[in-house]
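The exercises below are meant to be worked with the sequence and the model side by side. Try each task before reading its solution.

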Amino acid sequence: MLKEQDLRGIYVPVVTPMRADGELDLASFEPYVRQLLEDGANGIVVNGTTGEAPTVTLEEMAALTAAARSVCQPANKPVVVGTGTNDTASTVRKTAFAGELGADAALVVVPYYSRPSQEGIIEHYRQAAGTGLPVIAYEIPARTGVRLAPDTVKAILDLDGVIGIKDSSGGIELMLELARSGNHKPVLCGEDIYFHAMLCSGAAGGMLASANVRTSSFVEVYEQLMQDRLAASRQSFLTLLPLIRLLFQEPNPAPLKWLLARQGSIASDHIRMPLTPVSEELQQQLSSWL
Ligand SMILES: O=C(O)C1=N[C@H](C(=O)O)C[C@H](O)C1
C-alpha cells in the first residue's frame, strides 16, 4: 500500500483505451503503461478523470487494475485507482473493492453535484479512509461544483488514512495556504498549467494528464527542481506549455486520446459519450505540434 512519503514525483492518470466499437482495449493498455514506467513515471492512476471514470463499469475497473498491477508490481511502482463518486456509501464500497483488487491507494474526488456542506465532505473522506485503503483526496471545484475551504482541506488531511491531496483547485492559493499552515502531507498538482508554480511552492509532484505524452520531460521538470536547479526546471517546463495548452483546448481526455492513438500508444481514439472526438481544427493543431 502506498505510503505518504512515496506519494511524490510524476503520477500519470492513464486513459482507458477503447476499441473502435467502444469496448475496453486491454491489448493496448499493458504496453502503453509499460512505456510510461520506462519513461520514468513514479506511479499510475487508473480510472481518474482522464480514464473517463464516469463511463467505466466495475468490471472494467477491475480488469484495468489487474492489468496495471501486472506491469507496475514487478517495477515496484504504485497503482492508484479512482473510486470517488457523489454517494458516500458507493464510494466506500468502491474504495473497499479497489483494496480487494490490490490497488495501492484510492483517488477520491470531492463529492460532486450534490453540493454537500464542508462537514459532509469531511465525513465522506472519514468513511472512505475507514476502508483501510490509503486515500488521496481530489479537489477539483470546476468539475465538482463545490470548493473546499482551506480549513476543510486541513481537516481532511488530518484524517488517519488520508495520505495526501491532488490539488486541481485552479491556482496556487490553496497550495500556499497549506504550506503556510505547516501541512506535512504531500500535495500533488492536478492542474497541468500550474505544475511548475506549485512545485516551487512545495508540491510533492503532479498527477498530470499531459505527462502521458512527454513523460520524461515532466519527470525532468520535477527532478531539476528537487535538485534546486530552478532556471533549468522552468526552461524545461516552458517547452511543455504548447502541449499542455493543446491538450486542454477541448474536454480532456479527447485531445490526449487522439494524440496517443496518432503516435501509436493506443489503437483507437474512441471516447465514450457524452464526450465527443476532437474537432478537425484541433486535430490539425495537434498534428502540427507532433
Ligand atoms: O485524470 C486526472 O487525474 C486529471 N484530470 C484533470 C482533468 O481532466 O480535469 C487534469 C489533470 O491533468 C489530471
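**Exercise 1.** Determine how α9 passes α10, left-handed or right-handed, and how the two helices are oriented to each other.

*Solution.* In this predicted model, α9 (residues 215-226) and α10 (residues 230-247) pack with their axes 8 Å apart and at an angle of about 160°. An angle over 145 degrees counts as roughly antiparallel, and α9 and α10 are therefore roughly antiparallel to each other. The crossing in which α9 passes α10 is left-handed. On the side of α9 the contact is made by Ser 217, Phe 218, Glu 220, Val 221, Gln 224 and Leu 225, while α10 contributes Leu 230, Ala 232, Ser 233, Ser 236, Phe 237, Thr 239 and Leu 240. Sorted by character, the residues of this contact comprise seven nonpolar, five polar and one charged.

**Exercise 2.** Locate the residue in the loop between α9 and α10 that has a positive phi without being a glycine, and decide whether it is buried or exposed.

*Solution.* The loop between α9 and α10 holds Asp 228, whose phi is near 60°, a positive value in a residue other than glycine. Most residues other than glycine have a negative phi. Asp 228 has 8 C-beta neighbours inside 10 Å and so counts as exposed, the cut-off being 12 or fewer.

**Exercise 3.** Find the positions that UniProt lists for "binding site", and work out whether each is buried or exposed.

*Solution.* The unreviewed UniProt entry lists Thr 50 and Met 207 under this feature. Although they are spread over 158 residues of sequence, they cluster in space, with a largest C-alpha distance of 10.3 Å.

Take Thr 50, which lies in the loop between β2 (43-46) and α2 (58-72). A residue with 20 or more such neighbours is buried, and Thr 50, with 24 C-beta neighbours inside 10 Å, therefore counts as buried. Beyond its neighbours within four places in sequence, its contacts include Pro 13, Ala 209, Asn 252 and Pro 253.

Turn next to Met 207, which lies in strand β8 (residues 205-207); with 28 C-beta neighbours inside 10 Å, Met 207 also counts as buried. With the same sequence neighbours left aside, Met 207 is in contact with residues including Tyr 11, Pro 13, Val 45 and Lys 166.

**Exercise 4.** State which form, cis or trans, the peptide bond from Asn 252 to Pro 253 takes.

*Solution.* The peptide bond from Asn 252 to Pro 253 is cis, with omega near 10°, and Pro 253 sits in the loop between α10 and α11 (254-262). Most peptide bonds are trans. Both Asn 252 and Pro 253 are among the contacts of Thr 50.

Key. Residues are numbered from 1 along each chain as its sequence is written. This is a predicted model: local features need pLDDT of at least 70, side-chain atom pairs count only at pLDDT 80 or more; totals for chains, interfaces and linings use all residues. Axes are lines fitted to C-alpha atoms, for helices over the stretch in contact, and angles run from 0 to 180 degrees between N-to-C directions. Helices (H or I, at least four residues) and strands (E, at least two) are DSSP runs, numbered from the N terminus. Angles under 35 degrees count as roughly parallel, over 145 as roughly antiparallel, 65 to 115 as roughly perpendicular and the rest as oblique. A crossing is left-handed if the near helix is turned anticlockwise from the far one by less than a right angle, and right-handed if clockwise. Two residues are in contact if their C-beta atoms, placed from the backbone, lie within 7 Å. Ala, Val, Leu, Ile, Met, Phe, Trp, Tyr, Cys and Pro count as nonpolar, Asp, Glu, Lys and Arg as charged, and the others, Gly among them, as polar. UniProt positions are given in the numbering used here, feature names are shortened, and annotations may be inferred rather than shown by experiment.
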